[in-house]
Amino acid sequence: MTRLDVKKTYKLYIGGAFPRSESGYTLQVTTTKGEHLANVAQASRKDARDAVSAARGAQSGWAGATSYNRGQVLYRIAEMLEGRREEFIDGIRHCEGVNQRQAAQQVDQAIDSWVWYAGWADKYAQLVGSANPVAGPYFNLSVPEPTGVVAAFAPAEQKNASLLGLVRTIAPIIVSGNTVVIWAHPSQPIPAMTFAEVLHTSDAPGGVVNILTGLRDSAAPWLATHADVGAMDLMGATELDWASLEAEASATLKRVLTPVKSVPEESLARITAFTEVKTVWHTKAMG
Amino acid sequence: MGFLDYSPAPESTGIVSLADEYGLFINGEFRPGRGGVFDSISPATEEVLTRFSEASEEDVDYAIGQARAAYDKVWSKMPGRERSKYLFRIARIVQERSRELAIAETMDNGKPIKETRDVDIPLVAAWFFYYAGWADKLEEATGSHQPHAWGVVGQVIPWNFPLMMLAWKVAPALAAGNTVVLKPAETTSVTAMLFAEICQQAGVPAGVVNIVTGAGATGRALVSHAGIDKVAFTGSTPVGREIAKTLAGRPTALTLELGGKGANIVFDDAAMDEAVEGIISGIFFNQGHVCCAGSRLLVQENVHDELLARLTSRIQTLRLGDPLDKNTDIGAINSRAQLDTISTLTQSGVDEGASIWQSDCALPERGFWFPPTVFTDVSTSHRIAQDEIFGPVLSVLTFRTPDEAVAKANNTPYGLSAGVWTEKASRMLAVVDRLRAGVVWSNTFNKFDPTSPFGGYQESGYGREGGLPGLLSYLRPHSVPAGGKQ
């Protein structure tokens, strides 16, 4: 008799825990050929609200950690990613329908990107900040700071994006001290939930990254209007009415990145897109 | 004459000769607008200074077309070194005409001559001087061999610092290689017209700078026009929201400098006399018509009474009246509408139970005036602690610990400015770290410089003006994510 494998039940990742959706709904995920792969939770507005609360609660502690520490936490996540390399390759092969070589290549790229961003934690402020030579007796310094909570929509409509797109969306957001609520792409959510397990076994404090699965159109406007969300990355929101989301975001003047149909490039600009410049003046005097 | 009375020392207005009527400044020349004519009055005397054309949608469309042609044919092709020299020329002419500009600004805006003379106009020249030097260094600024301007930029500016806001917008835009269509506020368009003359004197190529006058409808026509590549707006948060909504789903880039409700935090070890001067410049500079004004004073509880006594006694010595008088500290409120807003919000403070104190200075009979006002017994839920008043009205709250000070300071949707007064540098730095504000002044307030980035967090807008970030916001980003709302 052949052995029956144990199928995994996927849940959400909110505040460092794996709750089921309060809605009780699930969404079927299939292979590219239409075979059943798994059911994932259909996150509701309530789940999104819990995720924003968790992200908000974790934000000041995460931003308040030293950049050296944030860098180490990110690097630790890369270590855990590497350790689960084979599992990611399998997952990607199934959900994207790509071959072993292509899947392996994506995982390697994702790990390397994560390491690349980890290194920015204690460097980006040196490139983006400045000492300003004002015309007067003042010490004047500009430093970048995280925006707060960022709501993001992971890209995965094309091949080679289900892990890489997720990683290249999350890493630049959190490296500066933001926390994130990210909605995996509904068609390929499994690598995202495996990534949640990576986070869970790393040193990332609960709430820094929150991952939701399921269809995104009903809860997305709610995230766009949430006053505790400071910015939105609509990069992967191509299947949504993103122009409406951007319009909703204007009520609270969120910073918004609009969609493009590709995996995000690695760039310093993606980090600075979710930071604010704070300028500090102080008097100088001999007396 | 009492001890603190001064003889009048009015500036002569002889150096300013305004035309009876100004048209729109498009493609290097003045031409009448198609939307009617409106009066521009002095808020201190209510006298008509001149008249402006209102730009219609067709006028705005025409101005944008001319700006596009100038961008395509002239300005985008010109080497940065040449653009740089035009900006230096403008800076020099502003310096040469500074006395005239300061007086014109005071006549038009109502702010004291000592502020236009010593702050506004010197900063205008400094802004052009600073950005002139960036125009030929865009490769170094961007780290790219092919820095690209956005193209045609639509700019809308407020009435509180008319020429200074123009300089903040126009100087970096031109340095980066854009052409501009600018709309000044309808109550303060005089110095924009003088600036148009300066562009003519400097030989700036036709169409590079275009100025359309008018009110909200003209502004809406400008920012929503499909021919605009980037919008830069300074003004109220509600209008900023409307613009952000209008541009949603479009490729137009956007930067916004919006309202604020700045907290000025005074710890018990602060140098008290310096703090009093800083609190006064924080809220009474420019009659409080400052988005980054220190309109909420947070005082450590144990020094509250002493500080308030010193503060009110000092405020009593501020001289309110003719803005053209060199001894005047507090000038006129810019418009009747703004005076009404200030009065309404002040009344809400009284109605909600805060204690009001007003300087007993005499108000002139004509013009728009509001006495320096201080509210005590204010709680964080009062409207006067939450809403931007944009007038000479200070709300005083207390705190006991640095944690409480930070929590109260951050307790608004805005995040533009803050002040910290303490002699203890380690505490200052720790508090500054936790303040959610784009600009923090420590042991000083309301200081500006072209090298120093300025702008807000949260609902105070997005983007920075001044410094390198102020230049980069006028250049197309390279290898950047899509979208420009940052």
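Two salt bridges are counted between domain 1 and domain 2 of chain B, in what is a predicted model. One salt bridge to look up in chain B pairs B:K114 with B:D329, whose closest N and O atoms sit 2.4 Å apart. There are also twelve residue pairs in polar contact between domain 1 and domain 2 of chain B, with both residues at pLDDT 80 or more. On the domain 1 side of chain B, helix 3 (98–109) and helix 4 (113–132) each bring at least two residues to the part that touches domain 2.

Where do these domains run? Domain 1 of chain B covers 21–258 + 461–476, while domain 2 of chain B covers 263–442. Measuring over C-alpha atoms, their centres are 30 Å apart. In domain 1 of chain B, the residues that lose the most area to domain 2 are B:P43, B:E46 and B:W159, which together make up 24% of what that side buries.

Now for the two chains. The table puts the domain pair of chain B next to the chain pair.

| Pair | Residues in contact | Buried area | Share on carbon and sulfur |
|---|---|---|---|
| Domain 1 and domain 2 of chain B | 27 residues with 29 residues | about 2,200 Å² | 57% |
| Chain A and chain B | 37 residues with 43 residues | about 3,300 Å² | 57% |

On the chain A side, A:L253, A:K278 and A:W281 lose the most area to chain B, together 22% of what that side buries. One salt bridge turns up across the interface of chain A and chain B. The side chains of B:R464 and A:E276 meet in a salt bridge at 3.1 Å, N to O. Polar contacts between chain A and chain B come to 21 residue pairs, both residues at pLDDT 80 or more. Several elements of chain A supply at least two residues each to the side touching chain B, including strand 4 (138–146), helix 9 (242–249) and strand 10 (275–283). Strand 10 of chain A gives the most, with eight residues.

Is B:S442 buried or exposed? B:S442 counts as buried because its relative accessibility is 0%. It lies in strand 18 (residues 439–442) of chain B, and among the residues B:S442 touches are A:V280, A:W281, A:H282 and A:T283, along with B:V420.

Finally, a look inside chain A. Helix 2 (residues 67–83) of chain A has 17 residues and reaches 24 Å from first C-alpha to last, close to the 24 Å expected. Its buried residues include A:V73, A:L74, A:I77 and A:L81. The buried residues of helix 2 of chain A pack against helix 1 (45–64), helix 3 (85–96), helix 4 (100–120), helix 6 (164–174) and helix 7 (190–200).

Notes
Residues are numbered from 1 along each chain as its sequence is written. Chains are lettered from A and ligands numbered from 1 in the order in which they are written. This is a predicted model: local features need pLDDT of at least 70, side-chain atom pairs count only at pLDDT 80 or more; totals for chains, interfaces and linings use all residues. Side-chain values use heavy atoms; hydrogens and water are left out. Helices (H or I, at least four residues) and strands (E, at least two) are DSSP runs, numbered from the N terminus. The expected span of a helix is 1.5 Å times one less than its number of residues. Buried means under 20% relative accessible area, exposed over 50%, partly exposed in between (1.4 Å probe, protein chains only). Contact means heavy atoms within 4.5 Å. Domain bounds come from an automatic or database domain assignment. Buried area is the accessible area (1.4 Å probe) that two parts lose on being put together, summed over both. A salt bridge is a side-chain nitrogen of Lys or Arg within 4 Å of a carboxyl oxygen of Asp or Glu. A polar contact is a pair of N or O atoms within 3.5 Å; within protein, one must be able to donate a hydrogen and the other to accept it, and residues adjacent in sequence count only if both atoms are side-chain atoms. Lists of a residue's contacts leave out its neighbours within four places in sequence.
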